[in-house]
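User: Hi! Got a minute to go through a structure with me?
Analyst: Sure, put it up and ask away.

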Amino acid sequence: MRLSRYFLPVLKETPKEAEIISHRLMLRAGMISQQAAGMYAWLPLGYKVLRKIQQIIEEEQNRAGAIELLMPTLQSADLWRESGRYEDYGKEMLRMQDRHERDMLYGPTNEEMITAIFRSSVRSYKDLPLNLYHIQWKFRDEIRPRFGTMRSREFLMKDAYSFDLSKEEAVKSYNRMFVAYLRTYWRMGLTAIPMRAETGPIGGDLSHEFIVLADTGESGVFCHADLLDTAIPSADVDFDGDLSSIVSDWTSLYAATEDMHDETEFDSKVPQDKRIAARGIEVGQVFYFGTKYSEPMGARVTGPDGKDTAVHMGSYGIGLTRIVPAIIEASHDDDGIVWPVSVAPFEVVLINLKSGDAQCDAANEKLYGQLHAAGLDALYDDRETGAGQKFATADLIGIPFQLIVGPRGLAAGEVEIKHRKTGERETIGVEDAVARLKALIEPERRDAA
Ligand code: 5CA
């Protein structure tokens, strides 16, 4: 992408309304634009990050055996009357009527709808286990939308729903999502710790929130320090096998959100020097809620004994539009964002130090072509502006590597590579630059394989 033809409305001033660093940086880097309270347009740079996050989530959900579909954003109130949640949900639910005065709502979540889809076609235990997911916009009329897309009213969520014959089988489905989540956040460069959590309006008695530690986080959390370096399951983990030992590596150490926190247990189970009492950002939550929806809504299957039983269900959410600011909270410095390669909007930015100079332009064009041919996702800063402004933009928008090309270096056959994260600079022969970048970038992609 040529920056001169891109749409990147960066801001020089720090927006006053933004209280936390990720919100300030997302506005300054031209990633989002507020359209109403708690509602944001995703501008091209932000949208590219969101799409990379979506891709990682899909790959890991599919690997774990979940199947993608797409349900509508608007739902009929009658569906929610069946589960009893239409009355219970309160003011967070955005309610409306269509032209026939039928009650509708903008979905805050999809347990009812997926249960209706399931019951309309699944009859036998032989079709289980089943896990269906989608990535769709949700609306919750939050009393205090804040921190940009961290707590917005409209937000993008991945929500998966599992169906099993028994609690025992449902816990296996829960474990599959648990393991998939560990891999998903790791691939995005995040350290997310699963913690025992309250179930709230979703219901049930088994739940974990996946928490990224950050001072600006909205939840108080307590955990064992060793969880910060517990091993992440590798890509070849067998989702058809027994995952309970992986899950217990994570759940046997103390970790709880403040609602579930037990000070006595924390004191007795965690040595003094291993206790973390901190704040965190909830980037996902998993629930097992048994037959809470299947019973009232009649989602039943015939078991091997010929008897009908209500299916045991779980649901599994990830907030995509919250993950973007969570990554920024975890990875930035005074100059701007520092993207991990796997979610960066571009992997490398080519900085032409003298746009308009025929020789310099020609060398940059050639490198830009080579970056593309090498399969690297490159942004080319070809604007006719000063070098200082180009460096500032590159640092602000957080591209992991900068390839800096100017007349003086070219005269000596050299260019410079700057590592955004460490500030380290390498001078390298112009012919070797692209191969060097490829070698730096490819291992950091944390690809599906
Ligand atoms: N049906 C279940 C799981 S699919 C559910 O709705 N779970 S949830 O309420 O925990 O939401 C899932 C995730 O969505 C949360 O972990 C959080 O990351 C994200 N999320 C929830 N509310 C918001 C919000 N107002 N703004 C941004 N992200 C949100």
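User: Is the crossing where α2 passes α10 left-handed or right-handed?
Analyst: α2 passes α10 in a right-handed crossing; that is, the near helix is turned clockwise from the far one by less than a right angle, while anticlockwise would be left-handed. Helices (H or I, at least four residues) and strands (E, at least two) are DSSP runs numbered from the N terminus. Keep in mind that this is a predicted model, where local features need pLDDT of at least 70, side-chain atom pairs count only at pLDDT 80 or more, and totals for chains, interfaces and linings use all residues. Residues are numbered from 1 along each chain as its sequence is written, and side-chain values use heavy atoms, with hydrogens and water left out.

User: And at what angle do α2 and α10 cross?
Analyst: Roughly 110°, with the axes coming within 10 Å. The axes are lines fitted to C-alpha atoms over the stretch in contact, and angles run from 0 to 180 degrees between N-to-C directions. α2 and α10 are therefore roughly perpendicular to each other (65 to 115 degrees; under 35 is roughly parallel, over 145 roughly antiparallel, the rest oblique).

User: Cool. How do α2 and α6 pack?
Analyst: Helix α2 (residues 44-63) meets helix α6 (residues 167-187) at about 150°, and their axes are 9 Å apart. That angle is why α2 counts as roughly antiparallel to α6. The α2 and α6 crossing is right-handed.

User: Switching to pockets: what's the volume of the largest one?
Analyst: About 930 Å³. On a 1 Å grid over the protein atoms alone, a pocket is an open set of points with protein on both sides within 12 Å along at least five of seven lines, a cavity is a set where a 1.4 Å probe fits but cannot get out, and lining residues have an atom within 4 Å of a point. Points are joined across faces, edges and corners, and volume is the space filled by probe spheres set on them.

User: Which residues are closest to the centre of that largest pocket?
Analyst: R140, R151, E282, Q285 and R322, out of 41 lining residues. β8 (154-164), β13 (275-290), β16 (312-319) and α10 (320-330) each give two or more residues to the lining, and β13 gives the most, with seven. By class, the lining has 13 nonpolar, 15 polar and 13 charged residues (Ala, Val, Leu, Ile, Met, Phe, Trp, Tyr, Cys and Pro are nonpolar, Asp, Glu, Lys and Arg charged, the others, Gly among them, polar).

User: What about the second largest pocket's volume?
Analyst: That one has about 520 Å³. It is lined by 22 residues, and W339, P340, V341, K421 and E444 are the closest to its centre. Its lining splits into 11 nonpolar, six polar and five charged.

User: How many cavities of 30 Å³ or more are there?
Analyst: The count is one. The largest cavity holds about 50 Å³ of space, and its lining is M39, Y40, W42, W137, T149, S152, E154 and T321. Strand β2 (residues 39-42) supplies the largest share, three residues. Four of the lining residues are nonpolar, three polar and one charged.

User: Last one, the backbone. Is the peptide bond from L128 to P129 cis or trans?
Analyst: Cis, with omega near 0°. P129 sits in the loop between α5 (111-119) and β7 (130-139). Most peptide bonds are trans, and most residues other than glycine have a negative phi. E101 is not a glycine, yet its phi is positive, about 60°. You'll find E101 in the loop between β5 (94-97) and β6 (103-106).
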